[in-house]
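Me: Please take a close look at the part of this model that carries a record annotation, and then set that part against the rest of the chain. I would like one connected account, with the accessibility classes explained where they matter.

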Amino acid sequence: MKKESKEQELEKLVAYLDGEVSDQEAIEVEQSLSNDEKTRAHVDGLERTWELLDKLPITKASDEFTNKTLSTIKTVQLEAQANESQDRSGLGLSKQSQQQIWKVAVAGGWMIGLACSIFLGYVVTNQWLPDESEPLLKELSFIENLDTYSEVQSLEFLKDLQQSGTFDETAQQQK
């Protein structure tokens, strides 16, 4: 924390010396210089350092270095533009939106797949497992009339009833 504070103060002093501070910040630095001897000594040291740096011979970068640096900057800019255009799809969606849509689509696909699996499992299970009620349904009319049939004592009695036309009258009454 203290180190960050010192770095910020140094940056502010360097910006002051370079003339890159606002009027309010310049007033603050000048007040600090008039009140604090350490700050004044620090600024003096910075000014001497700048003067010594100005006395150093200026070396000019070679044309090859300049060309490489400029081509590197162009490459970085083109990559940034390519990444930006990749981030935007034809629909104008950001990459984050595309990822969210993709996640929703995957979740929806899983839900549909799960529903289809459940339905398919139900259908297959019903095909393989015999339905216990099916034989009872086939014999439903017999079961419904079981009491009536149990009163019949013999097959001969039924034949006599059929010959007498009783079943025909019963059938006509039901129509």
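Reply:
**The annotated part and its setting**

Ile-112 counts as exposed because its relative accessibility is 57%, the cut-off for that class being over 50%. The model is a predicted one, and every value below should be read with that in mind. Ile-112 belongs to helix H5, which runs over residues 95-128, and its C-alpha atom lies 25 Å from that of Lys-95, a residue 17 positions away in sequence.

Leu-120 is likewise a residue of helix H5, and at 53% relative accessibility Leu-120 is also classed as exposed. The C-alpha atoms of Leu-120 and Gln-77 are separated by 54 Å, although 43 residues are all that set them apart along the chain.

The annotation itself comes from UniProt, where an unreviewed entry places the feature "transmembrane region" at residues 104-124. In the model this span is 100% helix and 0% strand, and the C-alpha atoms at its two ends are 30 Å apart. The record supplies the feature name, whereas the helix content and the end-to-end distance are computed from the model.

The chain as a whole gives the setting for these values. It has ten helices and zero strands, and when read along the sequence it is an uninterrupted series of α elements, α-α-α-α-α-α-α-α-α-α. Its C-alpha trace spans about 140 × 50 × 30 Å along the principal axes, and its radius of gyration is 49 Å, where a compact globule of 175 residues would have one near 16 Å. Buried residues account for 6% of the 175 residues. Of the contacts between residues at least 6 apart in sequence, 32% join residues at least 24 apart.

Ala-61 offers a further view of how the chain is spread out: it sits in the loop between helix H3 (37-55) and helix H4 (63-87), and with a relative accessibility of 37% it counts as partly exposed. From Ala-61 to Leu-146 the C-alpha to C-alpha distance is 113 Å, for a sequence separation of 85 residues.

Where, then, does the model bring helices together? One such place is the pair formed by helix H1 (residues 2-17) and helix H2 (residues 23-35), whose axes come within 10 Å and cross at roughly 105°. Because an angle of 65 to 115 degrees falls in that class, H1 is described as roughly perpendicular to H2. On the H1 side the contact is made by Lys-12, Leu-13 and Tyr-16, and on the H2 side by Glu-25, Ala-26, Glu-28, Val-29, Glu-30 and Leu-33. These contact residues divide into five nonpolar and four charged, with no polar residue among them.

Thr-39, a residue of helix H3, connects with this picture, for once neighbours within four places in sequence are left aside, it is in contact with Glu-9, Leu-13, Ser-32 and Leu-33. Of these partners, Leu-13 and Leu-33 also take part in the contact of H1 with H2. Thr-39 counts as buried because its relative accessibility is 3%, under the 20% cut-off.

Taken together, Ile-112 is exposed in this model and so is Leu-120, while Thr-39 is buried. The accessibility values refer to protein chains only, and the feature at residues 104-124 rests on an unreviewed entry.

Conventions
Residues numbered from 1 in each chain as written. Predicted model: local features only at pLDDT ≥ 70, side-chain atom pairs only at ≥ 80, totals over all residues. Heavy atoms only, no water. Axes fitted to C-alpha atoms, helices over the stretch in contact; angles between N-to-C directions. Helix = DSSP H or I, 4+ residues; strand = E, 2+ residues; numbered from the N terminus. Parallel < 35°, antiparallel > 145°, perpendicular 65-115°, else oblique. Contact = heavy atoms within 4.5 Å. Nonpolar A, V, L, I, M, F, W, Y, C, P; charged D, E, K, R; others polar. UniProt positions renumbered as here; feature names shortened; annotations may be inferred. Rg over C-alpha atoms; globule rule 2.2 N^0.38 Å. Buried < 20%, exposed > 50% of the residue type's maximum accessible area, 1.4 Å probe, protein only.
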